[in-house]
Structures are given as structure tokens and as C-alpha cells.
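Here is a short tour of the model in front of you. Keep the sequence beside the 3D view as you read.

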Amino acid sequence: MTFNPGSKQLSGIKAAIFVLALVPLARMVWLTYSGQLVEPLEFITRGTGDWTLRLLCLTLLVTPLRRLTGMNWLNRLRRMLGVFAFFYAFLHFMTFLWFDHFFDVVAMFRDVAKRPFILVGFTAFVLLIPLALTSTNGMMKRLGGKRWMWLHRLIYIIAPLGILHFWWMRAGKSNFTEPFIFGVIVAVLLGARVYWSFFGSKQKQKQKAAQASGG
Ligand code: HEM
């Protein structure tokens, strides 16, 4: 039997995720203000980058988990996870703009153009913006389901760009363990979708053919 929460339980689960998703930010603020960090700026830039990637992976995990368990209510958590991924990406970008460039946008763009790993991260962030802007029910209605779905498939480009950005950043230090682990996670989560869209549609075609021949 699958777990199927009532509306009150679902609200409780959503509230718990909301609080949990803010814990990393609270920890970063606390450690910075209590003076426990040697390199606070580096810690915040990396911490917000890490949490952007983790939340992107959690957002991508919802659909395979729902398919494998039959727990359709999981879909109702996806939007919140995606919005939090954008929230951390925004903080990550703002720390870069603030601490690295003191809000000098021109200098920031010069830096983005000069350093390929930042250009890749920046592209991923820019692609996340339309997804965040269209995450409301109203925007979903205005765009229409099909167009909304096509737009939100940008996540399939954003996640690999996030991995490439991480990989490239670590290339200078020849430390690939974490980018490799995240790369495998993203490959499995996206690969599962490709598998299902290919074999799922073959299954459907077979069923249709069997129905048409009276089988
Ligand atoms: C979806 C978008 C993005 C994701 C998923 C992402 C992810 C990450 C990750 C995982 C790290 C490494 C953290 C670590 O070492 O533990 C990182 C570092 C970094 N990212 Fe991003 N990032 C994104 C966008 C951006 C953007 C828009 C910028 C700036 C324009 C940026 C600039 C940086 C910088 C400067 C570092 C730190 C480099 C260092 O400390 O040497 N990233 N990012």
C-alpha cells in the first residue's frame, strides 16, 4: 500500500520542506556572523552553489520517484523544490556580483566572458529565470499546459550545465570526486526519463495495435 497523505498532512510535509530548505542559508548566515569562518566569502559562494545543485537534483528526482512508487502526490512538492533551487542560484549569483565585483555589472560581465566555467554557470542561471517566472498557476494557465511543459524542459539543459560548471571549476584543482558523483546522479535522473519516453511509448503503441486487432 502506498502512502497517500491527506491535505492537512501534505501541508505539513510542505511546511517541513520549506523550513528544511532554509536551514543551509541560516547555517551560512550564522557561521559568517559568529566569525567562525576563515574564508566566509568562499564558503558562501560554494555553499550556495552546492545547494543550487542539490535542489536541482531533488527537483529532478520527483518524477522518477513518483513513477516508481505510484505516489502521485509527490508532484505537488516539485514546484517548491524548483523555486528553492532558483532561490539558492540567485543567492549564488548575488554573492558573486556583490563580493567579487561590488555590484559593478560591467566588470561582472567582463569576468563572465573571460572565465568559461563562470559563463556556463551564468547561462544555467539565465535559463532558470523563465522557469522561476512561470512557476505560478496563473502563468501555467496563460501559457497553456503544452507550451509550459516545453519551456520547463529547459531543466534538462540547466542541470548538465550546472555539472559542467562544477566540473570546470574543479578542473583547476584536479578534484573531480563531487562533480563526478553529481554527474552520475543527473545522468541517471535524465536517463530514466529518456528510457521511459522511449520504452513507454513503444508499450503504448503495442497496446494500441493489440486493441486495433481486437486482441
Ligand atoms: C544553475 C546555476 C549554477 C549552479 C548549479 C552552480 C553550482 C556551483 C557549484 C556546485 C559550485 C562549487 C561549489 C563547491 O566547490 O563546493 C560553484 C562554484 C562557483 N560558482 Fe556556480 N553555479 C551556478 C551558477 C553560477 C553563476 C550564475 C555564477 C556567476 C555568474 C557562478 C559562479 C561561481 C563561482 C565564482 C564559484 C566559486 C569558484 C571558487 O570558489 O573558486 N555560478 N557553483
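Which residues does UniProt list for "transmembrane region"? The unreviewed entry gives 12-31, 51-68, 80-99, 119-138, 150-168 and 180-198. UniProt positions follow the numbering used here, with feature names shortened, and such annotations may be inferred rather than shown by experiment.

Residues are numbered from 1 along each chain as its sequence is written. The model is predicted: local features need pLDDT of at least 70, side-chain atom pairs count only at pLDDT 80 or more, and totals for chains, interfaces and linings use all residues.

Two of the listed spans are compared with the model below; helices (H or I, at least four residues) and strands (E, at least two) are DSSP runs, numbered from the N terminus.

| Span | Helix | Strand | Distance between end C-alpha atoms |
|---|---|---|---|
| residues 51-68 | 100% | 0% | 25 Å |
| residues 180-198 | 100% | 0% | 26 Å |

Pro64 sits in helix 2 (residues 40-69). Pro64 is partly exposed, as 18 other C-beta atoms lie within 10 Å; 20 or more would make a residue buried and 12 or fewer exposed, with C-beta atoms placed from the backbone. Leaving aside residues up to four places away in sequence, Pro64 touches Leu189 and Ala192, where contact means C-beta atoms, placed from the backbone, within 7 Å.

Now look at helix 8 (residues 155-171). Its buried residues are Ile158, Ala159, Gly162, Ile163, His165 and Phe166. They cover an arc of only 155° around the axis, so they lie on the same side of helix 8; the arc is taken from the directions from the helix axis to the C-beta atoms. On the face turned away from the buried side, helix 8 carries the exposed residues Ile157 and Ala171.

Key:
Two residues are in contact if their C-beta atoms, placed from the backbone, lie within 7 Å. The expected span of a helix is 1.5 Å times one less than its number of residues.
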